[in-house]
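Subject: A structure for you to look at

Hello,

Here is the structure I promised you. Please open it and keep it beside this email while you read.

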Amino acid sequence: MASKRVYIETFGCQMNELDSELVSGQLRALGYQFTPDPKSAEVVLYNTCSVREHAEQKVWSRLGEMAIRKKEDPSLVVGVLGCLAERDGESLIRRMPVVDVLVGPAELDKLPALLDNAVRTNVSLAENPPEDANNPGENRVVSARQVALQGTASRRSATLAAAEDSLEMLDLSRAVSPIDAQASTSRSAYVRITRGCNKFCTYCVVPFTRGAEIHRPPEHIIEECRRLADAGVIEITLLGQTVNHYRFEHGAAVTVNGVKQPQKGRSFAGGHRRDPFAGESTTTFADLLAEIHEQVPGIQRLRFVTSYPRDFGDDVLEVIRDHPRICRYLHVPAQSGSDRILKMMNRGYTVGEYLDFVDRARSFLHQPEKGRPLGLSGDFIVGFPTETDEDFRATYELLQRVRYKNSFIFKYSPRPGTTAFDRLVDDVPEAVKRRRNGELLALQNVVAEAVAREHIGATFDVFIEGPSRKEAKKRKTSRSGGLVSLTIGGQDAAEPYCAPALEEPAEVDSMQYCGRTDTDLIVFFDLPQGSPDPSGTFARVRIESVRALSLYGRLA
Ligand code: SAH
Ligand code: SF4
Ligand code: F3S
């Protein structure tokens, strides 16, 4: 059964990208093969996102296409994984009977068993198809219906301390294979440190789809980083919905079969200093960063996303300042610049507190004179229920004041199951949302260009991702997985706030490459024709100009 060809498509955030990588590794180990072509696949998996309606619509349209295909080939197995599976639950199968396998993000460890069952069932259904009672002569589309959802009621937490957390085994089982030195994309990896979210912002599905906040044992995280580094990875991004809320209490740790279990998030006041209740037996987020930096020197760049504004202690900022391989890049969504709206969003901070954080972060980390500026990026939601022009003006001013290098800007999308959906009327007209979205984007572009210009004349280490898009076209090569993504940031690749469309062509006798600074700015530079491919290594580049929000430079 397991020699089936699988196609997997991933929507949504980095957490989903990592999940897809982990389940793919697990399926590969069982003998499944992977294909980049959905048409030739016998198993089609969608790892879905539910954060906005738009994200879900993409999946619905894919499922529509699969329903047509399955009529011709009933042995096809279709699986919906991830946040939409969890949010919509079994009603998803009622709406889309083509779906055989439904697995929520907290149950992904169960995928191999469910998939195996579905493959067996569908093969036998294909051999002996039941007739459609409504359309005699036609085969009925029958689903094998393999379902694993955590169910929002349990929020998984009830069982966690007592039982082995099998999801942790999925992270631990990560297949790490030695890396092809030329494949820059695989020199960069995600490592999860926290799962789930306890913040319950009123608009957000994540606490429902991903469940309660759970912190992985630091030993597991460091070991994973070490294995990745040994295999050739040089850039690691630590992942968590509120990544800087990480905290592990060793004294309270539970061990099952010799394996330390992840731990439920406990509330602690982030505060400005090291948490006074964090004793020697606690690993705080600051401790974790310092330990990875110290114990895994092969990692040249250590990043983390996404940070929660209220949880940044000075201890974290100090650790970033004092450890050269930790990137001075913080993704800290503000969501709104209006205190009234922030309160309705249940974000737990005021604009004043957010700005205090930005000032603190700058005073610790913004040292352009030492060649070490701080890069900030943010998220905003426009058109949250009751948002007035005045509220929006406040958001506009906040964006201007903070000077993000980039922001992800979203129109409010009511999500079933959230407090905002239940209690607030989505009363800002679509046209107003669109206008505010456009205005904020235009401002962000002006700010981004000004921030980029400040880099002119300075020299930076650039992690080379590969030939630029123009260069790749010029060579007409399609490096599998090696093409450079031109979106800045990377939280929601389908909705980049800008992609530098006006990328300058490389000189005829040179090759154009593209990479990133440690603050995540995109840099283009030329190498002489015939130079060995530098992808996956670092170059010192002196920035000479800014075009279409990207930096252009020369080897220093
Ligand atoms: N944990 C991260 C964000 C995860 S969701 C944090 O708290 O910062 C990614 C982004 O999607 C959010 O920052 C928010 O800007 C946006 N978002 C979430 N729910 C949304 C909704 N219902 N409508 C529009 N945007 C939303
Ligand atoms: Fe959603 Fe808020 Fe949690 Fe971020 S912190 S994932 S926006 S609930
Ligand atoms: Fe989407 Fe789930 Fe990530 S809703 S943004 S895939 S946590």
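Start with a small sheet. It is an open sheet of 3 strands, in the order β17-β18-β19, with parallel pairing. The edge strands are β17 (329–331) and β19 (406–411), and each of them pairs on one side only. From one strand to the next, the twist averages 10°. Strand β18 covers residues 375–382 and runs parallel to β19, with 6 bridges joining the two. To find one of these contacts on screen, pick V382: its bridge partner in β19 is K411.

Please keep in mind that this is a predicted model. The whole protein has 17 helices and 24 strands. It has 556 residues, and 57% of them count as buried. Now look at contacts with a separation of 6 or more: residues 24 or more positions apart account for 76% of them.

**A second sheet**

Another open sheet of 3 strands has the order β7-β10-β16, again with parallel pairing. β7 (188–192) and β16 (301–305) stand at the edges with a single partner strand each, so one side of each has no neighbour in the sheet. Here the twist averages 25° from one strand to the next. Strand β10 (residues 235–239) pairs with β16 in the parallel sense over 5 bridges. Within that pairing, L238 has F304 of β16 as its bridge partner.

Which helix lies across β7, β10 and β16? That is α1, which runs at about 95° to β7.

**Helix α5**

Next, go to helix α5, residues 111–127. This helix has 17 residues and reaches 24 Å from its first C-alpha to its last. That is close to the 24 Å expected at 1.5 Å a residue.

Which residues of α5 are buried? They are L111, P112, L114, L115, A118, V119, N122 and L125. Seen down the axis of α5, these buried residues fall within an arc of 155°, so they line one face of the helix. Try turning the model to look down that axis.

What covers the buried residues of α5 includes three strands and helices you can pick out by number: α1 (14–29), α2 (53–72) and β3 (43–48) are among them. The cover also includes β4 (77–82), β5 (101–103) and β6 (146–148).

**Helix α11**

Helix α11 spans residues 314–322. Its buried residues are D314, D315, V316, L317, V319 and I320. The elements that cover them include β15 (282–284), α10 (285–295), β16, β17 and α13. You have met β16 as an edge strand of one sheet and β17 as an edge strand of the other.

**Aromatic rings**

A pair of aromatic rings is described by the distance of the centres and the angle of the planes. The count in this model comes to 13 aromatic pairs.

Take Y354 and F357 as an example. They form an edge-to-face pair, 6.1 Å centre to centre, with 65° between the planes. Both lie in helix α13 (residues 351–365), 3 residues apart, which is about one turn of the helix. Both are buried. Ring pairs also link Y354 and F357 with Y308, F312 and Y349 into a cluster.

Now compare F463 and F538. This pair is tilted, at 5.4 Å centre to centre and 45° between the planes. F463 lies in strand β20 (residues 459–467) and F538 in strand β23 (residues 538–547), so the pair ties together parts that are 75 residues apart in sequence.

Are these two rings buried or exposed? F463 is buried, with a relative accessible area of 1%. F538 counts as partly exposed, at 32% relative accessibility.

**Strand β20**

Stay with β20 to finish. The strand is mostly covered: 7 of its 9 residues are buried. β20 pairs with β23 in the antiparallel sense over 5 bridges. In that pairing, F460 stands opposite V541 in β23. β20 also runs antiparallel to strand β21 (residues 510–516), and 4 bridges join them. There, G466 has C514 of β21 as its bridge partner.

Best wishes

Key
Residues are numbered from 1 along each chain as its sequence is written. Chains are lettered from A and ligands numbered from 1 in the order in which they are written. This is a predicted model: local features need pLDDT of at least 70, side-chain atom pairs count only at pLDDT 80 or more; totals for chains, interfaces and linings use all residues. Side-chain values use heavy atoms; hydrogens and water are left out. The expected span of a helix is 1.5 Å times one less than its number of residues. Buried means under 20% relative accessible area, exposed over 50%, partly exposed in between (1.4 Å probe, protein chains only). The arc is that of the directions from the helix axis to the C-beta atoms. Contact means heavy atoms within 4.5 Å. Two strands pair if DSSP finds at least two bridges between them. Axes are lines fitted to C-alpha atoms, for helices over the stretch in contact, and angles run from 0 to 180 degrees between N-to-C directions. Rings of Phe, Tyr and Trp (its six-membered ring) pair if their centres lie within 6.5 Å; planes under 30 degrees apart count as stacked, over 60 as edge-to-face and the rest as tilted.
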